[in-house]
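These exercises are for a reader who is new to the structure. Each gives a task and then a solution in steps.

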Amino acid sequence: MNQNEFLQIITPFKDKLFRLAKRMLVSTEEAEDATQEVLVRLWNKNSSLEQYNSVEALAMTMTKNYCLDQLKSKRATNLQIVHNNYQDKQASVETQIEHQNTLQWAEKLMNDLPEQQRLILQLREIEEYEFSEIAQVLEMNETAVRVALSRARKTLREQIEKTHNYGTQVS
């Protein structure tokens with residue numbers, strides 16, 4: 001496989017690799033390093049990439065594993081899901097602050113979830129992966145992925161309802 005063929009294969013999903021690494025490692029620099037390392041490892045395997053059903057799933061798994069290794073080696077101390085790419089240029093300052101507070105609040109709720117549920121929620125809701133792809137990336141049973149996602153959603157829903165209904169419910 002030559003360089004152009006390799007680039008055609010990885011170009012459609014290399015941004016997803018970066019986003020996954022960024023959410024796991026938080027630091028942009030570490031995420032860039034992780035993405036670069038995974039791409040180098042894929043290039044080193046370029047002669048055997050045709051044997052995989054999904055090179056994207058392989059790359060996502062490699063990225064996840066690399067990031068987990070980095071987290072375990074104490075290079076990064078916090079695992080957070082950061083989703084702050086929403087910008088409304090016409091919104092008023094008050095609206096922008098409200099959106100920012102909502103994102104921070106949602107981020108905090110998501111950070112309180114167990115690590116596996118955070119990753120599944122990110123891959124399904126943010127990256128829009130199918131259940132089978134998530135199961136392959138996280139090396140889990142597809143049913144277990146569905147259960148973990150359901151539990152994550154239920155936990156978030158309960159926390160949202162608890163916060164929004166504070167002081168309005170009668171015991």
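What covers the buried residues of α3? This is the task of the first exercise.

**Exercise 1. The surroundings of α3**

Before starting, note that this is a predicted model, in which local features need pLDDT of at least 70, side-chain atom pairs count only at pLDDT 80 or more, and totals for chains, interfaces and linings use all residues. Residues are numbered from 1 along each chain as its sequence is written, and side-chain values use heavy atoms, with hydrogens and water left out.

Step 1. Fix the terms. Helices are DSSP runs of H or I with at least four residues, strands are runs of E with at least two, and both are numbered from the N terminus. Buried means under 20% relative accessible area, exposed means over 50%, and partly exposed is in between (1.4 Å probe, protein chains only). Contact means heavy atoms within 4.5 Å.

Step 2. List the buried residues of α3: E30, A31, A34, T35, V38, L39 and L42.

Step 3. Find the cover. The elements over these residues include α1 (3-10), α2 (14-25) and α4 (55-72).

Step 4. Relate the list to helix geometry. An α-helix has 3.6 residues a turn, so residues three or four places apart point the same way.

**Exercise 2. The length of two helices**

Compare the span of α3 and of α6 with the expected value.

Step 1. The expected span is 1.5 Å times one less than the number of residues.

Step 2. Helix α3 (residues 28-44) has 17 residues and should therefore span 24 Å; its end C-alpha atoms are 24 Å apart, which agrees.

Step 3. Helix α6 has 12 residues, and its first and last C-alpha atoms are 16 Å apart, close to the 16 Å expected.

**Exercise 3. The packing of α2 on α3**

Describe how α2 and α3 cross and which residues meet.

Step 1. Axes are lines fitted to C-alpha atoms, for helices over the stretch in contact, and angles run from 0 to 180 degrees between N-to-C directions. The axes of α2 and α3 are 8 Å apart, at an angle of about 135 degrees.

Step 2. Angles under 35 degrees count as roughly parallel, over 145 as roughly antiparallel, 65 to 115 as roughly perpendicular and the rest as oblique. The pair α2 and α3 is therefore oblique.

Step 3. A crossing is left-handed if the near helix is turned anticlockwise from the far one by less than a right angle, and right-handed if clockwise. The crossing of α2 and α3 is right-handed.

Step 4. From α2, the residues K14, L17, F18, A21, K22 and L25 meet T28, E30, A31, E32, A34, T35, V38 and L39 of α3. By class, this contact of α2 with α3 has 8 nonpolar, 2 polar and 4 charged residues. Here Ala, Val, Leu, Ile, Met, Phe, Trp, Tyr, Cys and Pro count as nonpolar, Asp, Glu, Lys and Arg as charged, and the others, Gly among them, as polar.

**Exercise 4. The packing of α6 on α7**

Do the same for α6 (residues 115-126) and α7 (residues 131-138).

Step 1. The axes of α6 and α7 come within 10 Å and cross at roughly 140 degrees. These two helices are therefore oblique to each other, and the crossing of α6 and α7 is right-handed.

Step 2. In α6, L119, I120, L123 and R124 meet F131, I134, V137 and L138 in α7. The contact of α6 with α7 holds 7 nonpolar, no polar and 1 charged residues.

Step 3. Among the buried residues of α6 are L119, I120 and L123.

**Exercise 5. Four loop residues**

Is each of E128, E139, N141 and N46 buried, partly exposed or exposed?

Step 1. E128 is in the loop between α6 and α7. Its relative accessibility is 63%, so E128 counts as exposed. Phi of E128 is positive, near 60 degrees, in a residue other than glycine.

Step 2. E139 is in the loop between α7 and α8. With a relative accessible area of 60%, E139 is exposed. E139 has a positive phi of about 55 degrees, although it is not a glycine.

Step 3. N141 lies in the loop between α7 and α8 (142-164). At 49% relative accessibility, N141 counts as partly exposed.

Step 4. N46 lies in the loop between α3 and α4. At 12% relative accessibility, N46 counts as buried. Leaving aside neighbours within four places in sequence, N46 is in contact with M1 and F6.
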